[in-house]
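Trainee: I would like a close look at a single part of this model, the place where the ligand sits. Please take me through it step by step.

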Amino acid sequence: MRLNYVETGPADAPVVLLGSSLGATQAMWAPQVDVLAKRFRVIAFDHRGHGGSEVPDGPYTIDDLGGDVVELLDTLEVEQASYVGISLGGAVGLWLAQNAPDRFHRFVLICPPSNPAENPQPWIDRASQVRAEGTQAITEATLGRWFLPEFKDIDPIRQLLRDCPAEGYAACCEALSTTNLLPGLPDITAPVLVITADSDTSVPPETVIPLATQIPGAHLEIIENAAHLVTYSHPDVINPLLLAHLG
Ligand SMILES: O=C(O)CCC(=O)CC(=O)O
C-alpha cells in the first residue's frame, strides 16, 4: 500500500508520525508541523483511501490501516518512531501500540475511538450514505461535531472533508465498525499520553478517560471548552503537551 506523506524537519532527528482523523488528510496537522519540526523529523501521512494515498476498494480493517503504517516505516527504513494520532488516527495508534510495540517509542492518542464495534450500525449506515451521495452529504454535520460554534476558521477542514474520496471514507467507516481495541489495553508498554476534549460529541470523554486507567502508566489530559478536532482548534494548548510528552 502506497501511503502519501509529507516530511518536515531535520532528516537526522527522531521521527514522529502524525495520523489524521476520518475524512481529513495530513494537511490537518498544519498547526503542529512547524512546532514539532524544530525538534523532530515529522512525517504526516494520509491513511489509505485518503488524500494522496492509494484508494483500494473497501471494506478496510484496523489491521489494514495499522499495517500500512508499519509498512511506511519499513519503506522509510525507520526502525523506531513516536506516534501522534487523532480520532481514526488515534485508533490506529492504539493498534500500533498493541501490535508493533518494538517499532515505537511514545504515543499521543487524541480523542481515539477504542471500541466503535460496540455500536457498528451507524458506521455501516454512514458508509452506505457516503458511497451513495459522497462526503459532501456528511461534511456539515461532521464540522458541527468537530468544532464549537465560536471557532470560525473551519473552511480548510471543510474542504478536506469534501475532497475525501467517497470509497476511502466509507471503507474507513467499515474499519471502525469492526474495531475493538479494549482487550489489548493492559498489554501496552510504551509511554502514552491520552488527550480528550470536554465537549467532544464524536468520541465522548466518557469513552476516552477510561483508557488512561487501562493503559499502564498512561497520562490523561482533558482539554476544556473544546470539541473533537482539538489539535486544529486549540494548538496553543495541544502543542506544548505534545512537546512535553515526546521529549
Ligand atoms: O473522526 C474520526 O476520525 C472518527 C470518529 C468520528 O466519529 C468522526 C466524526 O465525527 O465524523
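Mentor: Start with one contact: an oxygen atom of the ligand lies 2.6 Å from a polar backbone atom of Leu22. Keep in mind that the model is predicted, and that the distances here are computed from it.

Two side chains also make polar contacts with the ligand. In Ser87, an N or O atom of the side chain is 2.5 Å from an oxygen atom of the ligand. In Arg126, a side-chain N or O atom is 2.7 Å from an oxygen atom of the ligand. As for cover, the ligand taken alone exposes 310 Å², and the protein buries 98% of that.

Now widen the view to the shell. The residues around the ligand are Ser21, Leu22, Ser87, Leu88, Trp123, Arg126, Thr142, Arg145, Trp146, Ser202 and His228. Sorted by class, this shell has four nonpolar, five polar and two charged residues. Two helices, α4 (121–133) and α5 (136–146), each supply at least two residues of the shell. Of the elements, α5 gives the most, with three residues.

Next comes the space itself. The ligand sits in the largest pocket. About 540 Å³ of space lies in that pocket. It is lined by 27 residues, and those closest to the centre of the pocket are Pro113, Pro116, Trp123, Ser202 and Val203. Trp123 and Ser202 also belong to the shell around the ligand, so you can use these two residues to find your way between the two lists.

The lining can be traced to elements as well. Those that give two or more residues to the lining are α4, α5, α7 (166–177) and α8 (205–214). The largest share, four residues, comes from α8. Compare that with the shell, where α5 gives the most. By class, the lining of the pocket has 13 nonpolar, 10 polar and four charged residues.

Two details of the backbone can be added to this account. A cis peptide bond joins Gly58 and Pro59, with omega about 0 degrees. Pro59 is found in the loop between β3 (41–45) and α2 (62–76). In the loop between α2 and β4 (81–86) lies Glu77. Glu77 is not a glycine, yet its phi is positive, about 55 degrees.

How values were computed. Residues are numbered from 1 along each chain as its sequence is written. This is a predicted model: local features need pLDDT of at least 70, side-chain atom pairs count only at pLDDT 80 or more; totals for chains, interfaces and linings use all residues. Side-chain values use heavy atoms; hydrogens and water are left out. A residue is near a molecule or strand if one of its heavy atoms lies within 4 Å of it. A polar contact is a pair of N or O atoms within 3.5 Å; within protein, one must be able to donate a hydrogen and the other to accept it, and residues adjacent in sequence count only if both atoms are side-chain atoms. Accessible areas come from the Shrake-Rupley method with a 1.4 Å probe; for residues, only the protein chains shown count as cover. On a 1 Å grid over the protein atoms alone, a cavity is a set of points where a 1.4 Å probe fits but cannot get out, and a pocket is an open set with protein on both sides within 12 Å along at least five of seven lines; lining residues have an atom within 4 Å of a point. A molecule sits in a cavity or pocket if more than half of its atoms lie within 2 Å of its grid points. Ala, Val, Leu, Ile, Met, Phe, Trp, Tyr, Cys and Pro count as nonpolar, Asp, Glu, Lys and Arg as charged, and the others, Gly among them, as polar. Grid points are joined across faces, edges and corners, and a volume is the space filled by probe spheres set on the points.
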